[in-house]
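Subject: Structure handover and notes

Hello,

Please find below the structure I said I would pass on. My notes on it follow.

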Amino acid sequence: MSELWYKDAVFYELNIRAFMDSNNDGHGDIKGLISKLDYLKDLGIDCIWLLPIYPSPGRDDGYDIKDFYNINPDYGTLDDFKELIKQAHDRDLRVIADLVLNHISDEHPWFIEGRSNPDSPYHDYFVWSDDPAKYPEARIIFIDTEISNWTWCNQAGKYYWHRFFSHQPDLNFHNKEVQNEIKNVIKFWLDLGLDGFRADAVPYLFEREGTNCENLPETHVYLKELRKFIDENYEDKILLAEANQWPEDLGPYFGNGDEFHMAFHFPLMPRMFMAIKRENNSAIIDIIKRTPEIPANCQWTTFLRNHDELTLEMCTDEERDYMYNEYARDRQMKLNLGIRRRLVPLLDRDFRKIELMYAMLLALPGSPIIYYGDEIGMGDNIYLGDRAGVRTPMQWNEDRNAGFSKCKPSKLYAPVITDPDYNYNAVNVESQQNLPSSMFNWLKDMIVIRKKYKILSRGDLNFLHSNNRRVLSFYLEYENEYMLCVFNLAATDQPVKIDLKQFQGYKPLEIFGQTELPKIGKSAYFLMLARYGYYVFYLIKNKAET
């Protein structure tokens with residue numbers, strides 16, 4: 001692995017359908033994405049994460065796959081994909097894509113054959129039962145749409161297992177042929193030059209009686225096999241785990257550095273939102289202290305928002321009720337155990353708050369992921385079905401259809417945002433690129449600064465004692481370098497005294513303005529922070545060492 005590139009990378013998540021339409025059919029496509037690679041490079045992105053690119057009926061925005069070995073025709077062809085990889089690599093951009101392991105579409109040929117012929121080898125590609133009460137400890141994930149993890153199949157004359165939508169039958173990973181099929185899929189795409197995968201829904205691959213059918217040991221055995229297969233045949237490829245679990249259950253997905261290279265830190269994300277509403281640092285401190293150490297060659301991925309709802313699965317009932325009350329007072333904003341909103345609407349379009357959240361994201365341990373459109377503050381449409389409201393067309397300029405497509409507006413796969421506060425005439429890439437003080441240019445500058453200091457991506461975090469719970473303070477340590485990070489979680493100015501006696505003799509250098517503060521002494525260090533203000537200091541012993 002080339003210097004563990006993923007540990008310092010900034011990731012950008014996008015749906016090809018939503019990004020740029022090159023042929024004016026109302027759907028984004030690969031050629032459209034290629035035309036915008038320079039934009040992503042300019043923003044400071046290192047790796048693009050593509051949502052599912054495969055042929056699909058589209059009942060779950062591509063996560064219902066009916067062919068693992070091709071490109072969704074709405075997006076283009078395999079030749080287009082090869083050109084995307086080439087163009088991205090020419091710009092030193094890497095590309096990973098969703099690998100949907102757990103389930104497929106009920107329109108996939110494997111399921112069509114398997115349900116119609118019990119003697120077919122494909123029948124055993126799926127999990128069947130005569131009893132819909134089997135595996136009773138397994139929770140229902142999509143509680144708004146599903147009443148059971150089993151669905152009756154008339155053709156087969158029995159029930160099939162699904163952890164998500166009923167039109168997405170789970171694959172039977174107890175079957176070695178299924179395990180081999182997934183290896184073949186991985187080989188196919190890595191041979192085309194893909195740089196790795198974000199593996200979807202990995203906790204649910206295996207089932208066993210007497211368990212909740214999550215995080216089973218056999219799951220980790222198989223995932224280690226996949227990692228070994230990749231390591232033995234490819235260089236510089238990564239696996240990123242989507243495992244929405246409590247911290248103690250997340251740790252095993254790294255193995256001994258021989259399972260996933262990266263994993264999302266799902267429990268941290270809602271607690272960042274919780275902390276600024278409560279104006280209290282305890283939620284962040286508690287969850288990070290609860291987070292296990294991970295192998296040196298592994299990395300967390302952190303995020304503020306993504307293509308799904310703001311998930312509250314890894315929250316207590318009390319925390320979940322609090323989040324609903326504060327962030328989803330309109331019932332339409334709720335979905336399953338989460339909140340279907342984009343970043344800026346969640347934060348009331350308060351740019352001090354938005355900057356604070358991004359500053360914390362870029363300083364907390366892990367590699368950050370930016371969701372497309374959040375870099376310009378796009379809004380959402382909570383009245384579109386399911387999670388479509390946070391998957392609307394990218395807003396490039398103030399032309400028709402936000403510059404996304406030249407088709408008639410009625411042909412768009414989803415309407416552009418026209419609500420007054422987030423109208424594409426006001427919120428778009430072109431206008432923000434031309435405004436030095438825009439959210440886009442601010443974030444671009446923040447990414448440049450983050451890359452200047454490797455300690456921000458690789459440093460070990462240590463919390464600091466202070467006299468003010470409204471302020472989150474910690475220092476990062478990496479190769480005998482230190483960085484002090486202080487964040488005001490409150491809507492009012494806050495003073496804070498921080499115990500820094502271990503850094504006596506150092507001078508804090510504020511990294512954004514390159515301003516030196518007075519030397520740290522024996523007594524508590526005093527700082528004053530504006531509402532939602534923050535400081536990130538590089539600690540130096542004297543000016544000559546800068």
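Arg59 is exposed, its relative accessible area being 52%. Here exposed means over 50% relative accessible area, buried under 20%, and partly exposed in between, with a 1.4 Å probe and protein chains only. The areas come from the Shrake-Rupley method with a 1.4 Å probe, and for residues only the protein chains shown count as cover. Arg59 sits in the loop between strand E2 (47-50) and H4. Helices (H or I, at least four residues) and strands (E, at least two) are DSSP runs numbered from the N terminus. From Arg59 to Asn306 the C-alpha to C-alpha separation is 19 Å, with their positions 247 residues apart in sequence.

Two points on provenance. This is a predicted model, in which local features need pLDDT of at least 70 and side-chain atom pairs count only at pLDDT 80 or more, while totals for chains, interfaces and linings use all residues. Residues are numbered from 1 along each chain as its sequence is written, and side-chain values use heavy atoms, with hydrogens and water left out.

Helix H4 and the loop after it

Asp79 belongs to helix H4 and is exposed at 55% relative accessibility. Its C-alpha atom is 50 Å from that of Ser473, a residue 394 positions away along the chain. Asp92 is in the loop between helix H4 (78-90) and strand E3 (94-100). Asp92 is exposed, with a relative accessible area of 61%, and its phi is positive, near 60 degrees, in a residue other than glycine. Most residues other than glycine have a negative phi.

The loop between E4 and E5

Tyr135 also has a positive phi, about 55 degrees, without being a glycine. Tyr135 is in the loop between E4 and E5 and counts as buried, at 10% relative accessibility. Asp131 is in the loop between strand E4 (128-129) and strand E5 (150-153), and is partly exposed at 41% relative accessible area.

Which residues gather with Asp131 in a patch of negative charge on the surface? They are Asp130, Glu137 and Glu209. A patch takes residues with over 30% relative accessible area and no salt bridge, joining like charges within 9 Å and nonpolar side chains (Val, Leu, Ile, Met, Phe, Trp, Tyr) within 5 Å. Asp and Glu count as negative and Lys and Arg as positive, while His and the chain ends are not counted. The place of a charge is NZ of Lys, CZ of Arg, CG of Asp or CD of Glu.

Salt bridges

The whole structure holds 40 salt bridges, each being a side-chain nitrogen of Lys or Arg within 4 Å of a carboxyl oxygen of Asp or Glu. Three pairs are described here.

Arg139 pairs with Glu313, with 2.3 Å between the closest N and O atoms. Arg139 is in the loop between E4 and E5 and Glu313 in the loop between strand E11 (310-311) and H11, so this salt bridge ties together parts 174 residues apart in sequence. Arg139 is partly exposed at 26% relative accessibility, whereas Glu313 is buried at 17%.

Asp374 and Arg342 form a salt bridge of 2.8 Å, N to O. This pair links distant parts of the chain, 32 residues apart: Asp374 is in the loop between strand E14 (367-371) and helix H14 (429-433), and Arg342 in the loop between strand E13 (338-339) and helix H12 (343-346). Asp374 is buried, at 1% relative accessible area, and Arg342 is buried, at 1% relative accessibility.

Asp350 and Arg531 form a salt bridge in which the closest N and O atoms are 2.8 Å apart. Asp350 is in the loop between H12 and helix H13 (351-363) and Arg531 in the loop between strand E21 (525-529) and strand E22 (534-540), so the pair ties together parts 181 residues apart in sequence. Asp350 is buried at 17% relative accessible area, and Arg531 is partly exposed at 26%. Elsewhere, salt bridges with shared partners join Arg17, Asp60, Asp61, Asp74, Asp308, Glu309, Asp386, Arg387 and Arg391 into one network.

Helix H11

Helix H11 (residues 317-327) has Glu319, Arg320, Met323, Tyr324 and Tyr327 as its buried residues. Seen down the helix axis, these fall within an arc of 135 degrees, so they line one face of H11. The arc is that of the directions from the helix axis to the C-beta atoms. Asp317, Glu318 and Asp321 are exposed on the other side of H11.

Regards
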